[in-house]
Amino acid sequence: MSSDNEDKTMFAMRINKSEKNELRKLYADMELDLSTAVNLFFKQSLLENGLPFRPTRTADSNAERK
């Protein structure tokens with residue numbers, strides 16, 4: 001895994017404002033900030049060599065898009 005001494009770079013993304021606030025509260029309850037949570041997601045993705053969860057779709061998710 002990488003060390004904290006390595007060069008770091010900025011990563012920006014767009015997210016729904018209300019979802020961001022919900023996520024901040026969720027991760028704050030876990031004593032994490034958004035940056036740490038996203039970094040954990042990325043590191044776990046590298047360990048798994050893919051998404052760290054299995055994406056699924058419910059049978060009626062197609063109906064929600066219409």
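**Note on a three-helix chain and its aromatic surface**

1. Start with the surface. F11, M13, I15, F41, F42, L51 and F53 make up a nonpolar patch, and together they have about 690 Å² of accessible area. Keep in mind that this is a predicted model.

2. The overall layout is simple. The chain has 3 helices and 0 strands. Its pattern along the sequence is α-α-α. Of the 66 residues in the chain, 5% are buried. The exposed area is about 6700 Å², and carbon and sulfur atoms supply 50% of that.

3. Next, the aromatic rings. The whole structure holds 3 aromatic pairs. One of them joins F41 and F53, with 6.2 Å centre to centre and 40° between the planes. That pair is tilted, because its angle falls neither under 30 degrees (stacked) nor over 60 (edge-to-face). F41 sits in helix 2 (residues 34-48), while F53 sits in the loop between helix 2 and helix 3 (61-65), so the pair ties together parts that are 12 residues apart in sequence. F11, F41, F42 and F53 form one aromatic cluster.

4. Are F41 and F42 buried, exposed or in between? F41 is partly exposed, at 31% relative accessibility. F42, also placed in helix 2, has a relative accessible area of 36% and is likewise partly exposed. Patch members need over 30% relative accessible area, so both values pass that cut-off.

5. S45 is another residue of helix 2. S45 is buried, with 16% relative accessibility. The cut-off for buried is under 20%, so S45 qualifies. What does S45 touch, leaving aside neighbours within four places in sequence? The contacts of S45 are G50, L51 and P52. One of these, L51, also belongs to the nonpolar patch.

6. Helix 2 passes a geometry check. Its 15 residues should span 21 Å at 1.5 Å a residue, and the end C-alpha atoms are 21 Å apart, which agrees. After helix 2 comes N49, with a positive phi near 60°. N49 is not a glycine. N49 lies in the loop between helix 2 and helix 3. At 74% relative accessibility, N49 is exposed.

7. Helix 1 passes as well. For its 13 residues the expected span is 18 Å, and the end C-alpha atoms are 19 Å apart, which agrees. Helix 1 is followed by E31, whose phi is positive, near 60°. E31 is not a glycine either. E31 belongs to the loop between helix 1 and helix 2. E31 is exposed, with a relative accessible area of 75%.

8. K20 deserves a look. K20 is in helix 1 (residues 17-29). Its relative accessible area is 29%, so K20 is partly exposed. Which residues does K20 touch, not counting those up to four places away in sequence? K20 contacts I15 and L34. K20 and L34 are 14 residues apart in sequence, and their C-alpha atoms are 8.6 Å apart in space. Helix 2 covers residues 34-48, so the contact with L34 links helix 1 to helix 2. I15 is a member of the nonpolar patch.

Terms used: Residues numbered from 1 in each chain as written. Predicted model: local features only at pLDDT ≥ 70, side-chain atom pairs only at ≥ 80, totals over all residues. Heavy atoms only, no water. Helix = DSSP H or I, 4+ residues; strand = E, 2+ residues; numbered from the N terminus. Buried < 20%, exposed > 50% of the residue type's maximum accessible area, 1.4 Å probe, protein only. Areas by Shrake-Rupley, 256 points an atom, 1.4 Å probe, with all protein chains shown as cover. Phe/Tyr/Trp six-rings, centres within 6.5 Å; stacked < 30°, edge-to-face > 60°. Patch = residues over 30% accessible without salt bridge, like charges linked within 9 Å, V, L, I, M, F, W, Y side chains within 5 Å. Salt bridge = Lys/Arg side-chain N within 4 Å of Asp/Glu carboxyl O. Contact = heavy atoms within 4.5 Å. Expected span 1.5 Å × (residues − 1).
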